[in-house]
Amino acid sequence: STDHDPCLVGTWRMGTGDLDLMTASLVPVPGLHVTAGELIMEFDGEAFNYHADIFVLRIDLGPGSYLEGDGRFGTSGTYTTGDGLVYFNSIGSDQDILTWTAYQDGEVVTMPGTGPTFSLPTPGESPYRCFPDRLEIDTRGAAPTTVTMFYARSE
């Protein structure tokens, strides 16, 4: 397809709450939560930019013990639409976990630039629904289930 749905053009944001729910559905890591940040999807008519500029992950490890990481990631490329599907052709991507901090019983250890990395890749070919103020993109979860990404149009 070479179509570009004009409804998509603009900036779309997924807030922390929806990002946390989506991450829990996509990444089956017990105790994983997104505690800050947002996911941004931008369409300009031919290209897309999908990114989280700064987000905070928390992994609960037990009573009084957790890891917290902050970072960013992004993917960009071109897209087309047709038959209710959006097709993402990713051209470039980057990711960066800036800091991991371990907390255990009041002790704190910070590890800059070490530890696991994290990103949520674009879904490839996905059903979508675009409304004046809301965008829904379906993607696949860890199990063979569909997870819907919910975005609100940014003013």
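Me: Which residues form one aromatic cluster?
Reply: This is a predicted model: local features need pLDDT of at least 70, side-chain atom pairs count only at pLDDT 80 or more, and totals for chains, interfaces and linings use all residues. Numbering starts from 1 along each chain as its sequence is written, and side-chain values rest on heavy atoms, without hydrogens and water. Rings of Phe, Tyr and Trp (its six-membered ring) pair if their centres lie within 6.5 Å; planes under 30 degrees apart are stacked, over 60 edge-to-face, the rest tilted. One cluster is made up of Phe43, Phe48, Tyr79 and Phe88.

Me: How many aromatic pairs does this rule count, and what geometry do phenylalanine 48 and phenylalanine 88 show?
Reply: The count is six aromatic pairs. Phenylalanine 48 and phenylalanine 88 form an aromatic pair with ring centres 4.9 Å apart. Their planes meet at 75°. The geometry is edge-to-face.

Me: How many residues apart are phenylalanine 48 and phenylalanine 88?
Reply: Strands are DSSP runs of E, at least two residues, and helices are runs of H or I, at least four; both are numbered from the N terminus. Phenylalanine 48 is in strand S4 (residues 47-62), and phenylalanine 88 is in strand S6 (residues 85-104). The pair links distant parts of the chain, with a separation of 40 residues.

Me: Is phenylalanine 48 buried or exposed?
Reply: Buried means under 20% relative accessible area, exposed over 50%, partly exposed in between (1.4 Å probe, protein chains only). On that scale phenylalanine 88 is buried. Phenylalanine 48 is also buried.

Me: Why is the pair of tyrosine 66 and tyrosine 103 stacked, and how many residues separate the two in sequence?
Reply: The ring centres of tyrosine 66 and tyrosine 103 are 4.5 Å apart and the planes lie at 20°, so the pair is stacked. Tyrosine 66 belongs to strand S5 and tyrosine 103 to strand S6, so the pair ties together parts separated by 37 residues.

Me: What relative accessible area does tyrosine 103 have?
Reply: Its partner, tyrosine 66, is buried at 18%. Tyrosine 103 is partly exposed, with a value of 22%.

Me: Which charged residue sits over the ring of tyrosine 66?
Reply: A charge sits over a ring if NZ of Lys or CZ of Arg is within 6 Å of the ring centre and within 35 degrees of the ring normal. Elsewhere, arginine 134 lies over the face of phenylalanine 131, at 4.2 Å from the ring centre. Over tyrosine 66, at 3.5 Å from its centre, is the charged end of arginine 58.

Me: What backbone atom does the side chain of threonine 81 reach?
Reply: Threonine 81 is in strand S5 (residues 65-82), and its 3% relative accessibility makes it buried. Threonine 81 and aspartate 5 are 76 residues apart in sequence, yet 6.2 Å apart in space, C-alpha to C-alpha. At 3.0 Å, the threonine 81 side chain reaches the backbone nitrogen of aspartate 5.

Me: Which cysteines does the disulfide join?
Reply: A disulfide is a pair of cysteine sulfur atoms within 2.5 Å. The whole structure holds one. At S to S 2.0 Å, the joined residues are cysteine 7 and cysteine 130.

Me: How many residues apart in sequence are the parts tied together by cysteine 7 and cysteine 130?
Reply: The link of cysteine 7 and cysteine 130 is left-handed, with -85° about the S-S bond. Cysteine 7 lies in the segment before strand S1 (10-14) and cysteine 130 in strand S8 (residues 125-130), so the separation of the tied parts is 123 residues.

Me: Is cysteine 130 buried or exposed?
Reply: Cysteine 7 has 21% relative accessibility and is partly exposed. Cysteine 130 has a relative accessible area of 19%, so it is buried.

Me: Where is aspartate 105?
Reply: Aspartate 105 has a positive phi of about 45° although it is not a glycine. At 61% relative accessibility, aspartate 105 is exposed. Its place is the loop between S6 and strand S7 (107-112).

Me: What is the phi of aspartate 83?
Reply: Aspartate 83 sits in the loop between S5 and S6. With a relative accessible area of 81%, it is exposed. Though not a glycine, aspartate 83 has a positive phi of about 55°.

Me: In what order do the elements of the protein chain run?
Reply: The chain has one helix and 10 strands. From the N terminus on, the order is β-α-β-β-β-β-β-β-β-β-β.

Methods:
A polar contact is a pair of N or O atoms within 3.5 Å; within protein, one must be able to donate a hydrogen and the other to accept it, and residues adjacent in sequence count only if both atoms are side-chain atoms.
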